[in-house]
Every structure is written in structure tokens, then in C-alpha cells.
Amino acid sequence: MPVAKPESCDSRVIAHIDMDCFYVQVEQRKQPQLRGLPTAVVQYNEWKGGALIAVSYEARKFGVKRSMRGEEAKEVCPQIHLVQVPVARGKADLNGYRNAGSEVVSILARRGRCERASIDEVYLDLTDAAETMLAEAPPQHLEAIDEEALKSHILGLNNEDGSDVKENVRNWIHRCNADHRDKLLACGILIVAELRMQVLKETEFTCSAGIAHNKMLAKLASGMNKPAQQTVVPFSSVQGLLNSLPIRKMKQLGGKLGMSLQIDMGVNTVGDLLQFSEEKLQERYGLNTGTWLWNIARGINGEAVEGRLLPKSHGSGKTFPGPRALKTVSAVQHWLNQLCEELSERLCSDLDQNKRIAHTLTLHVRAYKSSDSDSQKKFPSKSCPLRYGTAKIQEDAFNLFQAGLREYIGLYGGKSEGSHYSGWGITSLSVSASKIVPIPSGTCSIAKYFHWQTSSHFSSIQSPENLRMDATHLSPPGNESYSEVNLPEPKIDFSGEESWIEDTIPGLGLQEQKINVWKDEFQSRGHSLAELNEVEVAEENERSSCSYIRDQDERRREAWSYNIDEIDPSVIDELPTEIQDEIQAWLQPRKRPNNIVKRGSTISHYFSPTKKS
């Protein structure tokens, strides 16, 4: 749990923007005739009309819920319109929704530090914008206040005496004797209302918002009044909000920790935590978690808005519930290939649009073993350095699965029956790419980026048997032999959540391994040979004008050398077409009648160590 114990008199202004039935809104923008009508977006699986993943507020009035399937929804609301989510590679394609969410983020980021939390929710730190407004155009001096701002719900504001609600909000914003925190929140009300209207104007999407002094309270408030409304939590109203809030409604308390608080401590609301001292909570749940519980009971949360417009990771996953569980290695490989293809597409798009590159590939699997006494044992997650290129990601993901399956079965009682293995099933697969960082810019940075660093390099983790295995040669589903899984185990250390693979490919010569390593590194960085040619020209000019030329022979002796005729054509064939043309034109002139390559003048020269270790 994050530990934060800042001063309780927090003067930040944080907003949580939550899109209203976002998937439905995206589909209604594509089909305007659906606006105002009961509508739901359903999964591609047609069983019983498909699972509902988003329900419009018009449909909710008839009792339609997300837990229903299409047929159930039609029984409750016969006039409902069911729109199927787009499908690609046998699974839901959410790219349209992601892109629509990016439209909203680009608008919200105009006024403050913006953190994209998911496809349809964003945190905004509006403290600087509020402070600027307070200094230049304080709300208490404004004669006209936008109608949308006057519709705000301010917790603790007494509207039960029959007075005009909007007039009460106006008076609250205009207060001259309010403390600094409330004045900042008043500025936040005006800024968020303006942003929400701008989102509606530019995207046709409505959104709701929570405005408070920290992320925790802002998120709680954003869902209190929907759709297309905003809720404000002044500091004086924090305890009133939390005292009656069910403990399981609080973020991170919906699982085992929340259940323990209810059963072991008798805590049913967040306010119930106030009866325990910080020391008591630490004694029961540990130092960090105990302090975190003590803080949230008082509305304290020091978590900062990270200022992130782009996702921290990319992922693609699919579930296989009940009878659809995957029970053969070939079936798993088929779906891994589909998931990796989508992941590769998103990684390439991120690289092209945002100049970012990911470094870690992770596989998560949920599985069961029907014959195992410890059937709840988790399938181990596996990670390795990420290599760009669909085929490479597919290859590495499949090897991670094989390693995890060996551990899952081998350590916990898997048995084979003849040549066929039965008793395990895969109910969920997901692949993700993380540790995403911007790529350096400029030729100097490029040269540095390709410098050899042993800890960051790797080659294929497959054994020779795996390298020869092809998906088209696997047994058909239902006839998978366990021997196809239990291949000779490559020398891989998969200890821990993010194991790093450092072996070279068995059976390949040293020069071929070096070429493959260069190929992987070159492709993964996304740079063109034109950029590297600039480095070549710069270095040649430098050598011609300084004393480097005197020890050129020594440099040549340290550079890698290889015979061009011995290079596997697949090294070049797997590169993008435009780079293939460049590299072919570059390498062909180097060939000589005696098949000798001039040392120090090939691409390997720029990826060789320049210093002796």
C-alpha cells in the first residue's frame, strides 16, 4: 500500500474525470440515431446474445445491468439496441475506444497536469491553474458564473430548506470569508465545468467529475452524481463522506484486506477505522498498510498526479471460461500468436507516434489442474527482454509459456497418460509490454543508444528443438502429447517476476550470434540506417582530421569481422522493406572477389566494443 501522511490541510486541487458509459457514447457517435435510446455494447461472443460491457443510462432505467447477457437485457427492455464491440483476431478490438479516450485527454491536458488512468478516466492536478485564477480573477469577484458550474453538487451544502440550489452554489463560490482551500476549490469548479463543456463540444462525449484535495476523494466524488455532473468535496465535508462509506467501496479494499477488516476487526465503513490507533493497525496489518489505513480513515492521501498522457504499458489478453478452456499446447500457441500480433501492432504504433520503446515482455496465465490436490496453485508469471517484431514476440511469449507450464506441472504433480497429457486447462492468457521509455534523439544519442551493454542484450531463448518447431506442424487440438511440451529445457533463469534471459542460441556460430544480436538490437530501437550513415560520415571526418588515424589498425583489429556470404538471408529478410533496400545497397559494394570484407567499414564496426573491458 502507498504510504503518505501529509498535512491534513491539503491545498491541492485534484479532479477525477470519468466518462459516462463511454463505450456506448463512442458507438452512439458513430450511429447518432441511437442517441437517447436504450443502448448497450455487447461482447463478440454470441452465446445468449453476448455479455454486456456497457449500458446506457436510458437502458438502466428499465433495469438493464452489466451483469446481464443480451437475451436477458431484451427480456427486461425489449426496445434496447445491442451494438457488438468491434472484433479483431478473435477478440474484442478496443482501439477505437482508446483513440476516443485520447481525444478527451488532449483537451483536459490543456489546463493542468494530466494522468490517464484508463481508457475512460483521467486525473487532473489543477492546483497551478486554480492559484493563477485566484490571483488574477478570483471567483468571489465574478458577476457571471457559467450555468454548468452552478449545477455542481457541493457536499455539505444545505439545500433542504427549499432555497434555490443554483443560488446556493453561487453564494458558496462567491464567499469572501472562505479559507484558501475552499477558494481554490471554487476555482476548480469553474475550470472543470469549462473543460467538461469543451470536451462535449469537441468530441460529443459527456463526462462526470469529482473535485477535491486529493486523488482518493476526487475519485470517490466523481461517481456520486452521474451522468454529466460534477461533485465537490470541501475539506469540512471529508469526514461526513467517509463515515458512512462502506469499506468495500474504497479502492484497494474490495478484496482480501477489506474482508479481513470486516471479519477480524468489525469494520464495515471507512469511519469505523477511526476507533483504531495507527499502532494497532500497524500491529495487525504491517507498518505500511497500517499507516495507509489510518490515513484513508481521515481522508489523507498524498499520491501525486503523475503527469502521464500515455499508458505505462500495453497489453492484450483473452479469457477462456468453462468449457472453452485451452487444453492443448497448440491451442495455447494459436491464441498467443493472436495476442502477440495485437501487442506488436500497438507497440509499433506507440513507437511511430510517440517515439517510445518498451523493454520487458510479460506473460500472465490462469490455469487449473483437475487432478492436483493443490488445484489453486497459480501458474507462474514470466518475463523476458522484449524484442520488436511480431514473430519474435510470438516466439518469446510461447517460450515463456513453455517454461511456466514445466514449472506449473513439474513441481505440482502433473502426470502424463501414454503420449497424451490431460488434466490441465488454461482459462486466461495475457501478454504485456512494460518499462516503456522515450528513445533518444540526435545522432550522438543514437550512437550511444546502440553501444553494447551486456546486461541489456539477449538472444532467442529457444532450444534447437524449439527453433525447429513450427505451429503448422503441431498436433491438432485434442491430440497434444506432453512430450511436445517437455522439450529439453534451455538454460534459462526464470526466477522471479521479471527473469532476464541471457543465453545465446545453441548450435549457432559466434559470428552468426553476433549478427542476430545486432539485428535484434537494431530492429528494436526503430532507427533507420540513414541516421547511422550520418554517424559513419561524422566519425570518418573526425578520423581524417585528428590523430585517430594513427591507431586505425588497432581499431580494425578490435572490430568484429565476418564473411558476407555466410550471413543468413533471414537476418535481412526480417527487416522492414525500406531498410532491406538500404542494407542490401550498403552491403553489396563491400563484397570483393576473394569474399573478404574490408574491416572497420561494415555496419558491425558501429556496434563493436570500442573499449577493452
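**Figure 1. Overview of the chain.** The chain exposes about 29900 Å², of which carbon and sulfur atoms supply 50%; accessible areas come from the Shrake-Rupley method with a 1.4 Å probe, and for residues only the protein chains shown count as cover. This is a predicted model, in which local features need pLDDT of at least 70 and side-chain atom pairs count only at pLDDT 80 or more, while totals for chains, interfaces and linings use all residues. Residues are numbered from 1 along each chain as its sequence is written, and side-chain values use heavy atoms, with hydrogens and water left out. The chain contains 22 helices and 19 strands; helices (H or I, at least four residues) and strands (E, at least two) are DSSP runs, numbered from the N terminus. Of its 613 residues, 48% count as buried. Buried means under 20% relative accessible area, exposed means over 50%, and partly exposed lies in between (1.4 Å probe, protein chains only). Among contacts in the chain with a separation of 6 or more, 71% join residues 24 or more positions apart, where contact means heavy atoms within 4.5 Å.

**Figure 2. An open sheet of 3 strands with helix α1 packed on it.** The strands follow the order β3-β2-β4, and their pairing is mixed. Two strands pair if DSSP finds at least two bridges between them. β3 (52-55) and β4 (81-84) are the edge strands, each pairing on one side only. On average, neighbouring strands of this sheet are turned by 25° against each other, direction ignored. Strand β2 (residues 39-42) and β4 run parallel and are joined by 4 bridges; A40 has L82 as its bridge partner in β4. Helix α1 (residues 22-30) touches β2, β3 and β4, and its direction makes about 105° with that of β2. For such angles, axes are lines fitted to C-alpha atoms, for helices over the stretch in contact, and the values run from 0 to 180 degrees between N-to-C directions.

**Figure 3. Strand β8 and its partners β1 and β7.** Is strand β8 (residues 121-125) enclosed by the rest of the structure or open? Because 5 of its 5 residues are buried, β8 is largely enclosed by the rest of the structure. E121, Y123 and D125 point one way from the strand, whereas V122 and L124 point the other way. Strand β1 (residues 14-19) runs antiparallel to β8 and is joined to it by 5 bridges, and the partner of D18 in β8 is E121. Strand β7 (residues 113-118) also runs antiparallel to β8, again with 5 bridges; here R113 is partnered by D125. A hairpin joins β7 to β8 through 2 residues.

**Figure 4. A salt bridge between helices α1 and α4.** A search of the whole structure finds 27 salt bridges, each defined as a side-chain nitrogen of Lys or Arg within 4 Å of a carboxyl oxygen of Asp or Glu. In the pair formed by R29 and E103, the closest N and O atoms are 2.9 Å apart. R29 lies in helix α1 and E103 in helix α4 (residues 95-108), so the pair ties together parts that are 74 residues apart in sequence. R29 is partly exposed, with a relative accessible area of 25%, and E103 is partly exposed at 29%.

**Figure 5. Further salt bridges, E345 with R89 and R284 with D264.** The side chains of E345 and R89 meet at 2.7 Å, N to O. This pair links distant parts of the chain, 256 residues apart: E345 is in helix α14 (residues 329-354), and R89 is in the loop between β5 (87-88) and β6 (91-92). E345 is partly exposed at 39% relative accessible area, as is R89 at 22%. The side chains of R284 and D264 also meet in a salt bridge, at 2.7 Å, N to O. R284 belongs to helix α12 (residues 278-285) and D264 to helix α11 (residues 256-265), 20 residues apart. R284 is partly exposed at 39%, and D264 counts as partly exposed at 46%. Elsewhere, salt bridges that share partners join E115, K215, E303, E306 and R308 into one network.

**Figure 6. The surroundings of N168 in helix α7.** Helix α7 spans residues 165-174 and includes N168. With a relative accessible area of 14%, N168 is buried. Which residues does N168 contact, leaving aside its neighbours within four places in sequence? The contacts are L157, N158, N159 and S163. N168 and N158 are 10 residues apart in sequence and 8.2 Å apart in space, C-alpha to C-alpha.
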